[in-house]
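User: Could you take a close look at the salt bridges in this one for me? I'd like to know who pairs with whom, and how hidden the partners are.

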Amino acid sequence: MPRPLVMGVVNVTPDSFSDGGRYVEPRAAVAHGLALVERGADLLDVGGESTRPGATRPLVAEELARVVPVITELVAAGATVSVDTMRAEVAAAALEAGASIVNDVSGGLADPDMLPLVASSAATYVAMHWRAHADRMSAHTDYSAHGGVVPGVVVELRQRVEAALAAGIAADRLVLDPGLGFAKTAEQSWELLRGLSALDSLGHRLLVGASRKSFLGRLLADAAGEPRPVEGREAAHLAVVLHCARAGVWGVRVHDVGSACDALSAWEALEEGGARG
Ligand code: PMM
């Protein structure tokens, strides 16, 4: 079973829950991206909009100004870059700057121009399961009409696949993502991880983003019920990365690239029955 690709997160945002404000300066974001490649990232996911629960959206001009210079430099340095955006205009500028993957957390729902734009390019398209923007998504966690979160996400992702194909995006350019934490309770995120094989039945490559998310913080809550802060969630996250590797996912979207690569090296050595080196 091939090792999943490691997608390193470069959030050029002032307000992401995981690393907001640390890489908002283009130079800091580029240096961070290059450090992630050094640590073993196969892909870099550059985003200029925070999707943390409750976040408000940046202006298009702000998002463009955050991501385009960073993508230009990272591509010039030889990195394979994905743009994390829900906006066709931003995706177009990112592709122009050399990005080769569009990571759309709305799966084409937030901007009617997104699927045609991707269809007119040669980019790989990540369609994540999504129901509403960050300021409203916590009100959209009812999957009872579908008999639960796993069948619900399968049905709704299948609709996104059909829309992408109808827009002219070739099936082999599609990657699907269950959208952990997006319109999902903590328990629903765990259910989706346990149910990855059901998503596999859609017949497309899978990307999973669990890194630093609140369902890990809740699992590791202290005796008073306080969620574990972001910095203390990595060991649990690595267990999820290995679960994803075993499930055969195409990629994992992570902040701590070095740790994920180390864990995957150990997994690979165990799978192959012999360590390299
Ligand atoms: N999660 C976040 C942002 N973008 N993209 C994909 N495809 N999948 C995810 O799970 C995902 C994403 C939110 O996390 P961050 O604020 O740490 O980037």
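Analyst: Glutamate 156 counts as buried in this predicted model, at 14% relative accessibility, and its side chain meets that of arginine 131 in a salt bridge, 2.6 Å from N to O. Arginine 131 lies in the loop between strand S5 (124–128) and helix H5 (149–167), while glutamate 156 is in helix H5, so the pair ties together parts that are 25 residues apart in sequence. Arginine 131 is partly exposed, with a relative accessible area of 23%.

Next, take aspartate 84, which forms a salt bridge with arginine 253, the closest N and O atoms being 3.3 Å apart. That pair links distant parts of the chain: aspartate 84 is in strand S3 and arginine 253 in strand S8 (residues 251–254), 169 residues apart. Aspartate 84 is buried at 11% relative accessible area, and arginine 253 counts as buried too, at 14%. There's a third member here: Asp45, Asp84 and Arg253 are linked in a network of salt bridges.

Asp45 also turns up beside serine 82, which sits in strand S3 (residues 81–84). Leaving aside neighbours within four places in sequence, serine 82 is in contact with Met7, Leu44, Asp45, Val46, Ile101 and Asn103. Serine 82 is buried, with a relative accessible area of 0%.

Then there's glutamate 49, whose side chain meets that of arginine 57 in a salt bridge at 2.9 Å, N to O. Glutamate 49 is buried at 10% relative accessible area, whereas arginine 57 is partly exposed at 32%. The full count of salt bridges comes to 8.

Terms used. Residues are numbered from 1 along each chain as its sequence is written. This is a predicted model: local features need pLDDT of at least 70, side-chain atom pairs count only at pLDDT 80 or more; totals for chains, interfaces and linings use all residues. Side-chain values use heavy atoms; hydrogens and water are left out. Helices (H or I, at least four residues) and strands (E, at least two) are DSSP runs, numbered from the N terminus. Buried means under 20% relative accessible area, exposed over 50%, partly exposed in between (1.4 Å probe, protein chains only). Contact means heavy atoms within 4.5 Å. A salt bridge is a side-chain nitrogen of Lys or Arg within 4 Å of a carboxyl oxygen of Asp or Glu.
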